[in-house]
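Got the viewer open and a selection box ready? Let's walk through this one stop by stop.

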Amino acid sequence: MRIIGIDPGIQITGYGVIDVLQDGSYDLVCSGSIQTKKTDKTPKRLLEIYEDILTICNKFEPDVASIEQLFFFKNQKTIIPVAQARGVILSALEKCNIEVFEYTPMVVKQVLTGSGRADKKFVEDMVRRTIELKHEIKLDDTIDAIAIAICHDRSRL
């Protein structure tokens with residue numbers, strides 16, 4: 001099974017495509033981020049995210065997608081742009097006929113670390129222990145996307 005995990009954002013959208021192997025281990029097919037310019041207007045940024053998700057899905061053909069679900073934000077200024085980014089991502093996944101599963105950050109942390117309150121460093125450590133990363137990943141958004149993909153596989157068992 002091939003899973004794309006997505007951590008949505010208007011400035012940075014992280015993604016990770018993993019294969020679940022026969023023995024239950026994982027192979028990282030690709031990962032990265034879609035980064036939009038703050039100076040661009042929102043419609044242009046959303047179109048860029050939409051088109052890039054389409055390109056990634058058409059190239060790597062995931063069977064399913066797992067995406068971070070919206071949760072209460074402390075920063076009220078970011079919830080609308082993140083919701084808009086999620087909307088265009090969900091639209092792109094639908095256009096590609098990819099079934100979508102959604103997980104809250106707390107569920108992802110619980111599944112990967114055993115604690116829904118784990119910090120980002122612990123989640124990153126668990127991702128690195130779970131899957132061989134072929135290159136250094138510097139963005140939390142990309143690590144989070146890989147974690148979301150692993151979460152989906154572990155949640156379906």
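Start with the hairpin: select S2 and S3, which are joined with five residues between them. Put Gly24 on show as well, since this turn residue has a positive phi of about 90°. One thing to keep in mind while you click around: this is a predicted model.

Stay on that pair for a moment. S2 and S3 run antiparallel, and nine bridges hold the two together. To see one position across the pair, pick Gly16 and look for Ser31 of S3, which stands opposite.

Now add strand S1, residues 2-7, to the selection. S1 pairs with strand S2, residues 12-20, again in the antiparallel sense, over six bridges. Click Ile4: which residue of S2 is its bridge partner? The partner is Val17.

Next, bring in the rest of the sheet. You should have five strands in the order S3-S2-S1-S4-S5, forming an open sheet with mixed pairing. As a reminder, strands of a sheet pair through backbone hydrogen bonds, either parallel or antiparallel. Which strands sit at the edges? They are strand S3 (26-35) and strand S5 (99-103), each of which pairs on one side only. Look along the sheet for the twist: ignoring direction, neighbouring strands are turned by 20° against each other on average.

Keep the sheet displayed and select helix H1, residues 42-60. H1 packs on the sheet and touches S1, S2 and S3. Compare directions too: H1 makes about 160° with S3.

Time to zoom out and show the whole chain. How many helices and strands are there? The chain has five helices and five strands. Following the sequence, you pass through the pattern β-β-β-α-β-α-β-α-α-α. The radius of gyration is 15 Å, close to the 15 Å the globule rule gives for 157 residues, so the chain is as compact as a globular protein of that length. If you want a box around the C-alpha trace, its spans along the principal axes are about 45 × 35 × 30 Å.

The last part of the tour is about H3, H4 and H5, taken a pair at a time.

First, select helix H3 (105-113) and helix H4 (120-130). Their axes are 10 Å apart and the packing angle is about 50°, so H3 and H4 are oblique to each other. The crossing of this pair is left-handed. Show side chains for Lys109, Leu112 and Thr113 of H3, along with Phe122, Val123, Met126 and Val127 of H4; these make the contact. By type, the residues of the H3 and H4 contact are five nonpolar, one polar and one charged.

Swap H4 for helix H5, residues 140-155. H3 and H5 pack at about 70°, with axes 9 Å apart, which makes H3 roughly perpendicular to H5. From H3, select Val107, Val108, Val111 and Leu112; they meet a set in H5 that includes Ala147, Ile148, Ile150 and Cys151. Colour by type and the H3 and H5 contact divides into eight nonpolar, one polar and one charged.

Finally, show H4 with H5. The angle here is about 60°, with the axes 10 Å apart, and H4 passes H5 in a left-handed crossing. Among the H4 residues to pick are Lys120, Glu124 and Arg128, and among those they meet in H5 are Asp140, Asp144 and Arg154. What is the make-up of the contact of H4 with H5, by nonpolar, polar and charged residues? It has six nonpolar, one polar and six charged.

Methods
Residues numbered from 1 in each chain as written. Predicted model: local features only at pLDDT ≥ 70, side-chain atom pairs only at ≥ 80, totals over all residues. Heavy atoms only, no water. Axes fitted to C-alpha atoms, helices over the stretch in contact; angles between N-to-C directions. Helix = DSSP H or I, 4+ residues; strand = E, 2+ residues; numbered from the N terminus. Parallel < 35°, antiparallel > 145°, perpendicular 65-115°, else oblique. Left-handed = near helix turned anticlockwise from the far one by under 90°. Contact = heavy atoms within 4.5 Å. Nonpolar A, V, L, I, M, F, W, Y, C, P; charged D, E, K, R; others polar. Pairing = 2+ DSSP bridges. Rg over C-alpha atoms; globule rule 2.2 N^0.38 Å.
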